[in-house]
There are 2 protein chains.
Amino acid sequence: MASNQPPDAAQQLPEIIVLGPPSVFRAYDGEFSSRFQVLRPWESQSPLPQFLADRAQSTRAALCSGAFSLSAAILCNLPSLGLIVTTSAGLDHIDLTECRRRGIAVASAGNIFSADVADLAVGLLLDLLRKISTGNRFVRDGLWPRQAEYPLGVKVGGKRVGIVGLGSIGVEVAKRLEAFGCAISYYSRKKKPLVSYAFYPDIYALALNSDVLVLCCALTEQTHHMINREVMVALGKDGVIVNIARGAVIDEKELVCCLQQGEIAAAGLDVFENEPRVPNELYELDSVVLSPHAAVFTEESFTELYQLMAGNLEAFFSNRPLLSPIPDE
Amino acid sequence: MASNQPPDAAQQLPEIIVLGPPSVFRAYDGEFSSRFQVLRPWESQSPLPQFLADRAQSTRAALCSGAFSLSAAILCNLPSLGLIVTTSAGLDHIDLTECRRRGIAVASAGNIFSADVADLAVGLLLDLLRKISTGNRFVRDGLWPRQAEYPLGVKVGGKRVGIVGLGSIGVEVAKRLEAFGCAISYYSRKKKPLVSYAFYPDIYALALNSDVLVLCCALTEQTHHMINREVMVALGKDGVIVNIARGAVIDEKELVCCLQQGEIAAAGLDVFENEPRVPNELYELDSVVLSPHAAVFTEESFTELYQLMAGNLEAFFSNRPLLSPIPDE
């Protein structure tokens, strides 16, 4: 095993380039470095294209974060690349067409985050319906002894929850919310044959028949700004949106307007269109809970992610099948 | 029906005294007043004993909040009382021994809040494990763009959750947390015959074998300060406590110490020993989520509660069985 080799064998360790770098790399830098020779462009004075031209012409594998844009232009500077391992479940930051053209394999975090992401989605929804963050502020601001009456929340049971994108995350959200007595339906490109939840092939119709929308879909050309003003108005004045997918699935400017004007009631957002920038108008609203794209950030998932990422890289260098290759389109 | 009588029939409506007054009375004052002639001691200049002596000597029914102490001394001033209807599920504010001695029937909110209380318990737990309130503050304080790294949360799945008191609320909490993949066990006076969760007859042993304690028991002499320092130390440094029962089930001073000293990791508290007063030390801790005894406060439950309270009162005045009498001890 590479990890058992003495430090002076570092030159013989397989070389990888780390792009981003992902949080899991920062947390497991020592472990990665004991198994791979790591190129660290963010520590270099050179601009990235120069660094790649000087140092990475023979580099065969890259580890990248979900926030790092692996465009055709960047890929062009990595002529020997045969593998990209991304720490995200989403793939919208990678030019997959270019990868296919160049024969670059891609491995992702697969489904290991699904439970964690679903947990946060449900947590955000409970917070909004039951005013948990609002209550926390109310008590911490010392208002409880002065204002006897606290605004009522809304019951979770019986709410009609529309899951947008019933992949592995959506299924986990549905499973949890069923235990609270919610009525589940979903929007998806295709009806899922093994699922008994009500299926809506039209996002507008789903919104019209839901109290809550939980966005769990991938960001693609088709889902970009899919949640537009029309969909939000259909959801209605008591409607609640939870987004743990990608910021750009919602038209964020319209979301801000709809919240400000009371066209929808509340939103729980783990993702934003221009992270880490959040529209300032949201800070002023009591009806939103904001989360710093933290749905996958648990100690347990980080350990599991490190093992999966390193396992994919080692499989590639020893010509074994990848552990979590992305599915063929 | 009394509610269909014209206003000048108010003298013929059955008389009740409202004590507290409960929030649901404030919300449904008009509806209660159309069905009952309401004595309102809080609107009088007289101290309560004087008001009772002057006005309530023939009053046969009382509607009271869970925060109003119906002691033997108060009951002594209500010589004609035959029924107390309390808007709470808990009964620790009523001198039940004196009620039995005097033949006063008691009706409560029964189980109508169980789902709502369980929802808040799970919401508080998700908030603590996944740092939702902390994340909300982090984003709202504008820290996200400046501090790339956000502290990791803890996975919900796989956590060993000890339910303290497996009544109707505890069962609802367990059902929800099972859907998240938690392992459920419980402490109770007696083993529940129809339940497969692991049973601990000893609270200390439950704490020793749990990552999380969710307190769902009634406050009685036996449960007062049951969660003491020893139990918290047994729960351990990564341990999390959620209390949606009554504040005094925990020794609150010791809880503050244990949180400050890191003897336990976090606490989600909807109830406190001296509500609405909250220990100031808790305001300074990031590891607590504070809620203003709001577990039952949903719009839907208030409607249901109004109907149940008014229904109990009408049943009493028409000699029908109460809708939600408290069980015999």
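Contact here means heavy atoms within 4.5 Å. In this predicted model, 58 residues of chain B are in contact with 58 residues of chain A. Local features need pLDDT of at least 70, side-chain atom pairs count only at pLDDT 80 or more, and totals for chains, interfaces and linings use all residues. Residues are numbered from 1 along each chain as its sequence is written.

Together the two chains bury about 5000 Å², with 60% of it on carbon and sulfur atoms; buried area is the accessible area (1.4 Å probe) that two parts lose on being put together, summed over both. On the side of chain B, the most area is lost to chain A by Arg130(B), Arg140(B) and Trp144(B), together 16% of what that side buries.

A turn of 180 degrees and a shift of 0.0 Å along the axis lay chain B on chain A with an RMSD of 0.0 Å (least squares on the C-alpha atoms of residues with pLDDT of at least 70 in both). The two copies are thus related as by a two-fold rotation axis. Of the contact residues of chain B, 100% recur in chain A.

Within chain A, two helices (DSSP runs of H or I, at least four residues) meet:

| Helix | Residues | Contact residues include |
|---|---|---|
| α6(A) | 114–130 | Val117(A), Leu125(A) |
| α8(A) | 168–179 | Ile169(A), Arg176(A) |

Their axes, lines fitted to C-alpha atoms over the stretch in contact, come within 8 Å and cross at roughly 50 degrees. α6(A) and α8(A) are therefore oblique to each other, a class for angles outside under 35, 65 to 115 and over 145 degrees.

How values were computed
Chains lettered and ligands numbered in written order. Heavy atoms only, no water. Axes fitted to C-alpha atoms, helices over the stretch in contact; angles between N-to-C directions.
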